[in-house]
Amino acid sequence: MSGFNENDLRAVAQRIGEADAVLVGASNGLSITEGLHLFADDAAFQETFGDLRQARGLRCILHGMGYPWETSEELWGFWARLAARYCLSYEPTPVMRDLLALVSGKDYFVLTSNGECHFEMAGFAADRIYEVEGNWLTMQCSRPCHGGIYSSVEKLRQMAAAERGGRVPAGLVPLCPECGSPMRPRMEGAGFVEDRAQRQAFEGFLERAGGKKLVVLELGIGPRNRLVKPALMRLVAQEEHATYVSVNLGELFIPREIAGKSFGFDGLIADVLAGVRKASGR
């Protein structure tokens, strides 16, 4: 484990072992660790979306997610291909297995801006996850005429099998059961339908964890993140018995106000979690 202080790894393992509750915060850095890079025009993007890159000028996955597709057939063509690559055949990676082993048996919760659903597919309890920007495997009315949230897994499987040239057949485009408008992926944007049950579950976790030994494990969240990181830092500042553990390659940021009860690792998430798990004996 070159590059990391072994004492810090052991100390974090001990804090997690003694914790009454563990809050995992995650953003793009964790996705990158798993090989999913939203911002990169890399080999994986070109392999998956090379034709759309050439025809539409797509620069990365994130560009495609926000692209103004002219038709629902093209919109769902992109999302079906994305889901097929990163969701529908997903197998838990070593980093997710290490993380799950560290929190198993604890009152844990996951707060994430990632939408690829890897936490649930890796074995984390669905009722212990709050995806603040939605996820890739649910859909909502595009208007939206109501606040319903629907699974899109089976539809995505069908569309992925039928997609050709970045389009799906019109007959496979999911329609709103209330108004008949096309459905769209439930991701942050205009008309976004929040999962209130997830938010309420998170609020319940915070109530249970209040005043107790809490470890906040922040994975791959850059200092410019405004959805997850500020909330985690405020929580640590407010909770007397909280410990803050931040892991971020090249963008580590811990404010002075909580530095005294924090551990920072400027390195790879996979290496840090493997080291902490080894030190914990789990």
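A residue counts as buried when its relative accessible area is under 20%. Glu 218, with a relative accessible area of 0%, is therefore buried. Keep that cut-off in mind as you look around this predicted model, in which the chain has eleven helices and nine strands. The radius of gyration is 20 Å, close to the 19 Å that the globule rule gives for 282 residues, so the chain is as compact as a globular protein of that length.

**The chain as a whole**

- Along its principal axes, the C-alpha trace spans about 55 × 40 × 30 Å.
- Of the 282 residues in the chain, 51% are buried.
- Among contacts with a separation of 6 or more, 65% are between residues 24 or more positions apart.
- The chain exposes about 12900 Å², and carbon and sulfur atoms supply 48% of that area.

**Strands β7 and β8**

- Strands of a sheet pair through backbone hydrogen bonds, in either a parallel or an antiparallel sense.
- Here, strand β7 (residues 214-219) and β8 run parallel and are joined by six bridges.
- One place to see this pairing is Val 215, whose bridge partner in β8 is Thr 243.
- Strand β8 is mostly covered, with six of its six residues buried.
- That cover extends to both faces of β8: Ala 242, Tyr 244 and Ser 246 are buried on one side, and Thr 243, Val 245 and Val 247 are buried on the other.

**Two residues to look up in these strands**

- Thr 243 sits in strand β8 (residues 242-247), and its 5% relative accessibility is under the 20% cut-off, so this residue counts as buried.
- The side chains of Thr 243 and Arg 15 are joined by a polar contact of 2.8 Å.
- Leaving aside residues up to four places away in sequence, Thr 243 touches Arg 15, Leu 214, Val 215, Val 216, Lys 261 and Phe 263.
- Glu 218 belongs to strand β7, and a polar contact of 2.7 Å joins its side chain to that of Lys 229.
- Beyond residues up to four places away in sequence, Glu 218 touches several residues of β8, namely Tyr 244, Val 245, Ser 246 and Val 247, along with Gly 25, Lys 229 and Leu 232.

**The three-stranded sheet**

- A further feature to find is an open sheet of three strands in the order β5-β4-β6, with antiparallel pairing.
- Strands β5 (150-151) and β6 (183-187) stand at the edges, each with a single partner strand, so one side of each has no neighbour in the sheet.
- Four bridges pair strand β4 (residues 134-141) with β6 in the antiparallel sense, and Gln 140 stands opposite Arg 184 in β6.
- Helix α5 (residues 72-86) lies across β4 and β6, running at about 50° to β6.

**Asp 8 and a long reach along the chain**

- Asp 8 is found in helix α1 (residues 6-18) and is partly exposed, with a relative accessible area of 27%.
- Although Asp 8 and Phe 263 are 255 residues apart along the chain, their C-alpha atoms are separated by 7.2 Å.
- Not counting residues up to four places away in sequence, Asp 8 touches Phe 263 and Phe 265.
- Phe 263 also appears in the contact list of Thr 243, which makes Phe 263 a handy landmark to click on as you move between Asp 8 and Thr 243.

Methods
Residues are numbered from 1 along each chain as its sequence is written. This is a predicted model: local features need pLDDT of at least 70, side-chain atom pairs count only at pLDDT 80 or more; totals for chains, interfaces and linings use all residues. Side-chain values use heavy atoms; hydrogens and water are left out. Buried means under 20% relative accessible area, exposed over 50%, partly exposed in between (1.4 Å probe, protein chains only). A polar contact is a pair of N or O atoms within 3.5 Å; within protein, one must be able to donate a hydrogen and the other to accept it, and residues adjacent in sequence count only if both atoms are side-chain atoms. Contact means heavy atoms within 4.5 Å. Two strands pair if DSSP finds at least two bridges between them. Axes are lines fitted to C-alpha atoms, for helices over the stretch in contact, and angles run from 0 to 180 degrees between N-to-C directions. The radius of gyration is taken over C-alpha atoms; the globule rule is 2.2 Å times the number of residues to the power 0.38. Accessible areas come from the Shrake-Rupley method with a 1.4 Å probe; for residues, only the protein chains shown count as cover.
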